[in-house]
Amino acid sequence: MRNLCKMLSHACNPSDLFTPEHMLLLVPALKETSFCHPRVHSVWQVLVDILFADLAVVNEDATSSHSSKKTKKSKKRNSPEKNLARRLSSFWEVVVEGSLLSSSHDRKHLAIDIFLMLLQRIPASCVQIVVSYKFVHCLLDILSAKDSHLYKSAQHCLQETVNWCENDDERRAAVVIALQQSSNGKFDNISRTRTIRKLVSKFVTKAGCLLFGQKLTGLFLEGTPTQLNESSLDKSLTEEEVEMLSVGVTSVGEDIENLSEEAKDSDDVLRSWIVDSLYNLSKNTALDPAAKFPLQKEILKFLTVQGLFTASLGIEVTSFELLEKLKWPKKPASARVRRLCIEHMQHLLVDAQNFMISHKHTELNESMQHEVSPLESNDLGAYMMCFLGTLQNIPSVFLFWPLSKDDEDTFNKLHSAEAQLFRAACKGESNLSKVQAMRFLLIQLLLEIPLRPGEICETAAELLICCNKAFGNVIELVESSDDENETPALIDVLVDALLSLLPHSPAPVRAAVEQVFKCFCDSITESGLMNMLRIVKKDLKPARHKPAVVEDSDEEDPIDIEESGSDDEVEESENDENTDDILEQDSKAKTSLTVDKKIRKETGDSGGAEDSESDFDDDAMFRMDAHLVQMLKEKKNAGGSDTAQTQLKNFKLRVLSLLEWYLQRNSSKPLVLTVYSYLLQAFVNSSSIEGNEQFADRLGVIIQRKICKAKEYPKGPEVDLSLLQDLFEKVLKLASRSKAKKVQSLSQICAFWLLKVIHGNSNETELKKVSEVFLKSLEDFFVNKKCRLKGGFLKEVFRRHPWVGILSFGMLIEKCRNARSEFLQFEALFLMDTLVRPWLGKSTEVPSDKDSSHHLQFLKVHLPSLSELVQHFLQKPAKKASHRSEARQFCMRILKALSLLKLERSFAKLLKHSSCESQLGDLFRPYKNLVELS
C-alpha cells in the first residue's frame with residue numbers, strides 16, 4: 001500500500017511524516033484544500049494533532065506522580081520540545097512558507113488560519129519558528145494598505161496573537177522579539193499599528209523586565225537572520241561576475257556595495273530599537289526602586305560593553321574579577337549604534353541622579369558608610385565607573401574609540417577623581433550634595449570624551465582644579481605652578497567652566513551642569529553673575545529700529561527706552577525694505593552670471609555679445625543645474641546668521657535656567673537688582689526682534705515670577721538706593737514710551753516691585769526723592785500726548801503706596817481744574833479719590849492714631865485749594881452724566897473727611913457759592929450756619 005501511495009511514510013514513527021522530503025510529497029495535495037475557503041479542511045487539524053502528539057503525551061506524564069529513572073534520562077537525551085521544534089520547522093518552511101504564502105489570496109488566508117491553529121498549542125520557545133521572516137512580511141504587506149484583500153484577516157491574526165501573549169511574560173517577549181527581528185525593528189512603522197509598543201508596556205514585573213532584557217541583549221548579539229555575511233557576499237560576487245561579465249555587465253561591485261549598505265542600515269535600525277527599548281525598560285515606573293536597580297545595573301553593563309569597548313581576541317571574554325562572560329556580536333556594531341549606547345548611558349545616569357536627589361539619598365548614605373566596593377553600592381554612577389575600570393584592566397579588551405594622548409590623559413584623570421570623590425562621599429562629608437553633583441558631572445564628561453574628541457580636555461582640567469579647591473585634600477591632582485595672587489576665585493572659574501559646557505553639550509551633560517550650579521549658586525560672585533548676564537543680553541541680530549536711549553546707559557544699568565515712531569521712521573523702513581529687495585535681486589543676478597561664466601568656461605564658449613542671449617543646449621543646462629545645486633549645498637553647510645542666531649538663542653535659554661535657580665535661592669540679595677536690570681533690557685531688545693518671541697516670553701516669566709512675585713526682595717545696607725531710584729525712573733519712562741503691550745505690562749509690574757523695594761530700604765528723605773521722580777511721570781501723563789501711561793496703573797500705584805501720591809496732591813487738584821481735556825481732569829479726580837478714600841474708614845468717630853494727625857496736617861495745607869475745587873465742580877458741572885455723578889461723590893467724601901477731622905469751620909469760611917446746598921443736599925446742612933457766620 002505504501003508503495004502505491006507515496007504520500008504515506010515508510011516508517012511507523014509519526015515524526016517521519018514531517019521530514020522535508022515527505023512534506024514535499026504532501027504539498028500538492030495540501031494546496032488543493034484551499035477550495036474549502038473560508039472554512040479550513042479537516043486534514044489540517046489531523047496534521048496538527050499528529051504534530052503535537054509527543055508533547056501531549058509528555059504533558060500527561062508530567063501530571064502523573066510515577067515515573068522511572070529511564071524515562072527521565074530519555075527525556076533529557078531527546079527533549080519533546082526539541083523534536084517538536086524540528087518537525088514544526090520542517091512543516092512551516094516547506095508547506096506554509098514554500099507553498100501557501102507565495103500563492104493566491106485564498107492560500108494566504110489558509111496560512112493565517114493554520115498559524116492561529118498552531119498558536120494556541122505551541123510553547124513560547126517555538127514562537128520564532130511560526131512568526132518567521134516570510135510570514136511577518138506577508139502580514140506587513142497586507143497591513144500597510146487598508147484597501148488590501150486580506151486586511152481584516154491580517155488584523156484579526158495580529159489581535160489574536162496579542163491576546164494569546166498579553167498575560168504571559170515569556171510568550172510576550174518571544175512574540176515581540178520575533179516580530180521585530182523579522183521586520184528589522186520597524187513592525188509598528190510599517191504596519192501602522194501600536195502592537196510592539198502595547199506589548200512592551202505590559203512588562204511591569206521584575207521577572208518580566210529581566211526576561212525581556214535578556215531577550216533583547218540576545219537579539220543584539222545574535223542579529224537578524226537576514227544579515228549578509230561577508231563570506232557569502234564574496235561567493236555570490238564571484239558567481240555573478242562570471243555570468244554578467246560574459247554579457248558585458250561591469251556594475252556588479254556597485255550593486256553588492258549598495259546591498260551591503262542597506263543591510264548595515266537595517267542592522268542599525270534593529271540594534272537602535274534594542275538599545276532604545278533597554279533604556280525605556282530601565283525607566284519603568286511600575287517597578288519599585290529595589291526591583292529596578294538590578295535591572296538598571298544589567299542594562300548599564302550591556303551599554304558600557306557595547307558602547308565603549310571591543311575585544312581583540314574573538315567575541316567572548318571571561319572576566320575573573322566580575323565572574324561573568326563579556327560578549328560582542330559576530331558582526332560588530334556600527335559607530336552610530338555605539339554612540340547611541342553611550343547617549344543612553346548618560347540618560348540613565350541622569351535618571352539615577354534625579355532619583356537620588358528626589359529621595360535625598362538618606363538610605364543611600366547609611367548603606368554607603370558600610371560598603372567598600374562600588375560594585376556592591378546602590379550608586380549607579382559608582383557602579384558604572386568601577387565596571388568600566390575593571391574592563392580597562394582586561395588585556396584583551398580595549399576602548400573602541402581612538403583617543404588622542406590628551407583625551408586619554410583626561411579620561412584617566414576624570415576616572416581617578418570620581419573614585420576619590422566617591423570615597424569621600426562614603427566617609428560622610430558635610431558637603432555631600434556638592435560632592436555627588438560634581439561626581440556625576442565628571443562621569444558625564446568622561447562619557448563625552450569619545451563622542452567629542454579634543455573638546456572636553458580644557459573644561460575638564462578647570463573642573464578638576466575646582467574640585468581640588470572645593471573639597472580640600474579629597475582630590476590628589478598635580479596643579480600647575482601659577483602665581484597665587486593672580487588666580488581668580490573658585491566660584492568664578494567654576495561658573496566659566498559650567499558656561500562653556502552649555503552651548504554644544506547634550507541634555508544629560510546640561511542636567512549635570514544644572515545640578516552643580518544649584519549646589520554652588522549661593523556663593524556666586526558679582527563677576528560670575530555678570531558673565532552670565534552678558535550672555536543673556538548678547539544678540540547677533542539687532543532690531544531693525546534700535547530703541548533710542550534716554551541716557552547714556554552703563555553696564556550696571558543697561559535699560560534702553562523705545563520712543564514712539566514717527567513718519568520719517570516709517571518712510572525710512574520702507575526705503576530699507578526696498579533697498580533689501582534691490583540687493584537681493586543684485587545678488588541673484590551675480591549668482592546667475594557666475595554660473596554662466598563657469599559653464600562657458602567649461603564648454604569653451606567665448607560668450608560674445610550676440611550669443612549672450614542664445615539658449616543653452618541640454619548638456620549646458622544640466623551643468624548649470626549641477627552648479628546651482630552645489631552652490632546651494634555649500635550655502636546650507638556654511639550655516640549663516642540664522643543658524644548662529646538659533647544656537648545663541650538656545651545658549652541663552654540654558655543660561656536663563658541657571659539664573660532662574662539663582663533667583664529662586666537668592667531673591668533677597670542686592671545682586672538681584674543687577675540681574676533684574678539685565679533681564680529687563682534683554683526683554684525689551686528681544687521684544688523688538690522677530691523670531692525671539694519664545695525667548696522674550698521666557699524672560700517675562702522669570703522677571704514676574706522669580707523677581708517681582710518672590711516672597712522676599714533685596715534688603716539691607718548693601719542695597720544701592722541711587723541705583724534703585726535710577727531703575728525706577730527708567731522703568732517709568734519705559735512704561736510711558738514703549739509701543740509694545742508686553743513691554744508696557746511688564747514695566748508696570750516692575751514699577752510696583754521697585755516701589756516695594758524702595759519703601760523697604762529708604763527713609764523719609766529718600767522716599768521724597770522717589771516721589772519727585774514719580775511726580776515727573778505724572779506731569780508727563782497730563783501734558784505729553786505721547787505718554788502711554790494708563791490711569792489704572794497710576795491709581796494702583798496710589799492704592800499700594802499712598803506715600804508716592806502725597807507729594808502730587810497739589811498738582812492733582814490743579815489738574816482737576818485746568819487739564820487739557822475733561823477726561824484728564826477726571827483722571828486727576830480719580831487719583832485724588834484713591835488717596836482720600838482710605839482716610840474715611842468705617843467709623844464716624846475721629847481717628848486718634850498717628851496717621852489721622854498726619855492726614856489732618858495734610859488737609860489743612862490744601863484746604864483753600866480743596867474749597868476752590870469743590871466750588872469749581874458745583875459751579876461748572878461736567879458734560880457727561882457719569883462725570884457729574886463722580887464729582888458729586890468726590891465732594892461728599894471730602895466733606896465727610898473734613899467732618900471726621902474737625903475741619904468744618906475752616907472749610908466753611910472758604911466756601912462762597914450758594915449752589916453747594918442744592919448740589920450736596922443734607923450733607924451740606926451742617927456747614928450752612930458756618931457759611932453764614934463766615
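## Cavities

This predicted model holds three cavities of 30 Å³ or more. The largest cavity encloses about 60 Å³ of space. Its lining is made up of Phe 115, Val 131, Phe 135, Leu 139, Cys 157, Leu 158, Thr 161, Val 175 and Leu 179. Three elements give two or more residues each to that lining, namely α8 (133-143), α9 (151-165) and α10 (169-182). Of these, α9 gives the most, with three residues. Sorted by class, the lining of the largest cavity has eight nonpolar residues and one polar residue, with no charged ones.

The second largest cavity holds about 40 Å³ of space. Around it you will find Thr 33, Ser 34, His 37, Pro 38, Arg 39, Val 40, Asp 106, His 109, Leu 110 and Asp 113. Here the lining has three nonpolar, four polar and three charged residues.

## His 109, beside the second cavity

One lining residue of the second largest cavity, His 109, is worth a visit of its own. His 109 belongs to helix α6 (residues 105-119). Is this histidine, His 109, buried or exposed? With a relative accessible area of 13%, His 109 is buried, because it falls below the 20% cut-off for that class. Leaving out residues up to four places away in sequence, His 109 touches His 37, Leu 150 and Ser 153. His 37 also appears in the lining of the second largest cavity.

## Cysteines

How many disulfides does the structure hold? The count is zero. As a reminder, a disulfide is a covalent bond between the sulfur atoms of two cysteines.

Several cysteines are nonetheless tucked away from the surface by the accessibility criterion: Cys 426 is buried at a relative accessible area of 14%, and Cys 816 is buried at 0%. Cys 165 is buried too, with a relative accessible area of 0%. Cys 165 sits in helix α9, the helix that gives the most residues to the lining of the largest cavity. Apart from residues up to four places away in sequence, the contacts of Cys 165 are Arg 171, Arg 172, Val 175 and Leu 199. Val 175 is also one of the residues lining the largest cavity. As for Leu 199, it is 34 residues from Cys 165 along the chain, and the C-alpha atoms of the two are separated by 8.5 Å.

## The nonpolar core

The largest nonpolar core has 243 residues. Which residues have the most contacts inside it? They are Phe 91, Leu 118, Leu 679 and Phe 728. Among the elements, helix α21 (residues 432-451) gives the most to this core, with twelve residues.

Phe 728 makes a good place to look at the packing in detail. Setting aside neighbours within four places in sequence, Phe 728 is in contact with Ala 751, Leu 754, Leu 755, Ile 758, Val 770, Val 773 and Phe 774.

## Two positive phi angles

Most residues other than glycine have a negative phi. Asn 184 is not a glycine, yet its phi is positive, at about 55°. Asn 184 lies in the loop between α10 and α11 (187-191), and is buried with a relative accessible area of 14%.

Leu 323 offers another case, with a positive phi of about 60° although it is not a glycine. Leu 323 is placed in the loop between β2 (316-319) and β3 (324-327). At 75% relative accessibility, Leu 323 counts as exposed, whereas Asn 184 is buried.

Definitions and conventions: Residues numbered from 1 in each chain as written. Predicted model: local features only at pLDDT ≥ 70, side-chain atom pairs only at ≥ 80, totals over all residues. Heavy atoms only, no water. Core = buried A, V, L, I, M, F, W, Y, C linked by side-chain atoms within 4.5 Å. Buried < 20%, exposed > 50% of the residue type's maximum accessible area, 1.4 Å probe, protein only. Helix = DSSP H or I, 4+ residues; strand = E, 2+ residues; numbered from the N terminus. Contact = heavy atoms within 4.5 Å. Disulfide = S-S within 2.5 Å. 1 Å grid on protein atoms, 1.4 Å probe; cavity = no way out; pocket = protein on both sides within 12 Å on 5 of 7 lines; lining within 4 Å. Points joined across faces, edges and corners; volume = space filled by probe spheres on them. Nonpolar A, V, L, I, M, F, W, Y, C, P; charged D, E, K, R; others polar.
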